[in-house]
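Here is a report on one protein model. It takes empty space, sheet and helices in turn, then some single residues.

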Amino acid sequence: MNVVEVKNLCKNYGDFPALQDVDFSVRENEILGLLGPNGAGKTTTMRILTTFIPPTAGEVKVQGYDITKQPIEVRKITGYMPENPPLYDEMRVSKFLKFVGEIRGIPRKKLSSRLDYLAQVCGLEQVWNKYIAHISKGYRQRVGLASAILADPPILILDEPTIGLDPEQIRYTRELIKTLGENHSVLLSTHILHEAEITCDRVAIINEGKILAIGSPAELAEKIRKINAVRVKLSGPPNEVERSILQLDGVIRVIPQGANDTFTVEFEPKWKTHHKITELAHKNGWHILELTPIEASLEEVFLKIVSGKEETE
């Protein structure tokens with residue numbers, strides 16, 4: 001079931017089209033990543049979804065609520081963490097989160113238990129009673145995330161949640177987001193390919209205000225026809241294996257991999273070369289010790305799609 005539906009979304013700043021006919025959806029209990037370079041339109045999309053700015057055209061519904069006609073209902077069911085969370089430096093962490101909880105209308109007993117939970121799950125115990133002005137960038141990001149999930153909304157919208165963090169803080173935040181994705185729908189933006197690949201169930205690639213592709217990393221790899229190599233190890237004599245594979249239809253080249261008798265076989269995508277390798281092994285009485293597709297990384301997919309060079313039939 002889709003909990004967020006975005007159709008033909010457009011946003012103009014004067015004569016500049018920041019978003020152009022953007023379409024995507026977020027499913028229940030999935031993590032969808034908006035992946036794109038700085039200035040691609042990620043933050044504008046999130047500000048529209050959270051009713052901070054109006055769209056120029058298009059339709060956005062969050063759990064069936066129209067963002068332009070029912071903004072209060074949308075805000076009740078979403079938790080938003082902007083790239084730079086708005087925090088009150090003169091308040092202590094605990095007091096600030098209590099203040100946010102009161103604004104969100106959380107009952108006192110429930111608020112107390114939620115604060116205890118967030119102190120633990122967001123790793124805020126060490127700074128719980130410190131003034132926000134005196135905590136690091138990493139802890140400020142954690143406080144921003146805590147405020148977004150405080151009311152336990154079903155939908156979380158997180159804008160560059162790991163930006164400015166050190167490697168350990170990044171790892172911790174990614175694991176927390178993956179845990180949240182088990183019971184929440186999460187839309188996060190990032191310009192970091194590795195982050196999208198290891199954190200998100202699906203990825204929407206956005207550039208210059210347009211969604212260029214959407215799917216799991218594996219689906220996007222298939223879209224650009226990049227799965228055109230396999231790693232092969234057969235039990236036959238290596239020289240004979242190499243020579244025999246090279247003679248198969250569609251094979252471009254066979255590359256030995258070290259001294260373990262394994263080869264990388266590159267082939268034209270239209271040929272089912274792995275089937276032919278299986279037939280070759282059977283014909284010669286060789287055992288197949290390895291026959292593994294080599295898939296494109298998300299980095300390769302991203303660069304292909306953004307450059308407009310994805311392959312088609």
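The text below covers pocket, cavity, sheet, helices and backbone angles.

**Pocket and cavity**

The model is predicted. Rolling a probe the size of a water molecule over the atoms shows where empty space is left. The largest pocket holds about 710 Å³. Its lining counts 24 residues. F52, Y80, V100, I103 and R104 lie nearest the centre of this pocket. Four elements give two or more residues each to this lining: helix 2 (71-76), strand 6 (78-81), helix 3 (93-103) and helix 5 (137-149).

There is one cavity of 30 Å³ or more. Which residues line the largest cavity? They are M81, C122, G138, Q141, R142, L145, P161, L165, Y172, T173 and L176. Helix 5 and helix 6 (167-180) each supply at least two of these lining residues. Helix 5 gives the largest share, four residues.

The table sets out the volume and the make-up of the two linings.

| Space | Volume | Nonpolar lining residues | Polar lining residues | Charged lining residues |
|---|---|---|---|---|
| Largest pocket | about 710 Å³ | 15 residues | six residues | three residues |
| Largest cavity | about 70 Å³ | seven residues | three residues | one residue |

**The sheet**

Strands of a sheet pair through backbone hydrogen bonds, either parallel or antiparallel. In this model, six strands form an open sheet. Their order is 6-7-8-3-9-10, with mixed pairing. Strand 6 and strand 10 (210-215) are the edge strands, and each pairs on one side only. From one strand to the next, the twist averages 15 degrees.

Strand 6 also gives two or more residues to the lining of the largest pocket. Strand 6 pairs with strand 7 (residues 155-159) in the parallel sense. Four bridges join this pair. G79 stands opposite L156 of strand 7.

**Two helices**

Helix 1 spans residues 42-49 and is mostly covered. Six of its eight residues are buried. These are K42, T44, T45, M46, I48 and L49. Just after helix 1 comes T51, with a positive phi of about 65 degrees.

Helix 11 spans residues 298-306. Where do its buried residues fall, seen down the helix axis? The buried residues are L298, V301, F302 and I305. They fall within an arc of 100 degrees, so they line one face of helix 11.

**Positive phi in two strands**

Most residues other than glycine have a negative phi, and most peptide bonds are trans. N8 is not a glycine, yet its phi is positive, at about 50 degrees. N8 lies in strand 1 (residues 2-13). Its relative accessibility is 43%, so N8 counts as partly exposed.

D21 also has a positive phi, near 50 degrees. D21 belongs to strand 2 (residues 16-27). With a relative accessible area of 48%, D21 is partly exposed.

**A loop glycine**

G64 sits in the loop between strand 4 (57-62) and strand 5 (65-66). Is G64 buried or exposed? G64 is exposed, because its relative accessible area is 52% and exposed means over 50%. G64 and S147 are 83 residues apart in sequence. Their C-alpha atoms are 24 Å apart in space.

Note on methods
Residues numbered from 1 in each chain as written. Predicted model: local features only at pLDDT ≥ 70, side-chain atom pairs only at ≥ 80, totals over all residues. Heavy atoms only, no water. 1 Å grid on protein atoms, 1.4 Å probe; cavity = no way out; pocket = protein on both sides within 12 Å on 5 of 7 lines; lining within 4 Å. Points joined across faces, edges and corners; volume = space filled by probe spheres on them. Nonpolar A, V, L, I, M, F, W, Y, C, P; charged D, E, K, R; others polar. Buried < 20%, exposed > 50% of the residue type's maximum accessible area, 1.4 Å probe, protein only. Arc of directions from axis to C-beta. Pairing = 2+ DSSP bridges. Axes fitted to C-alpha atoms, helices over the stretch in contact; angles between N-to-C directions.
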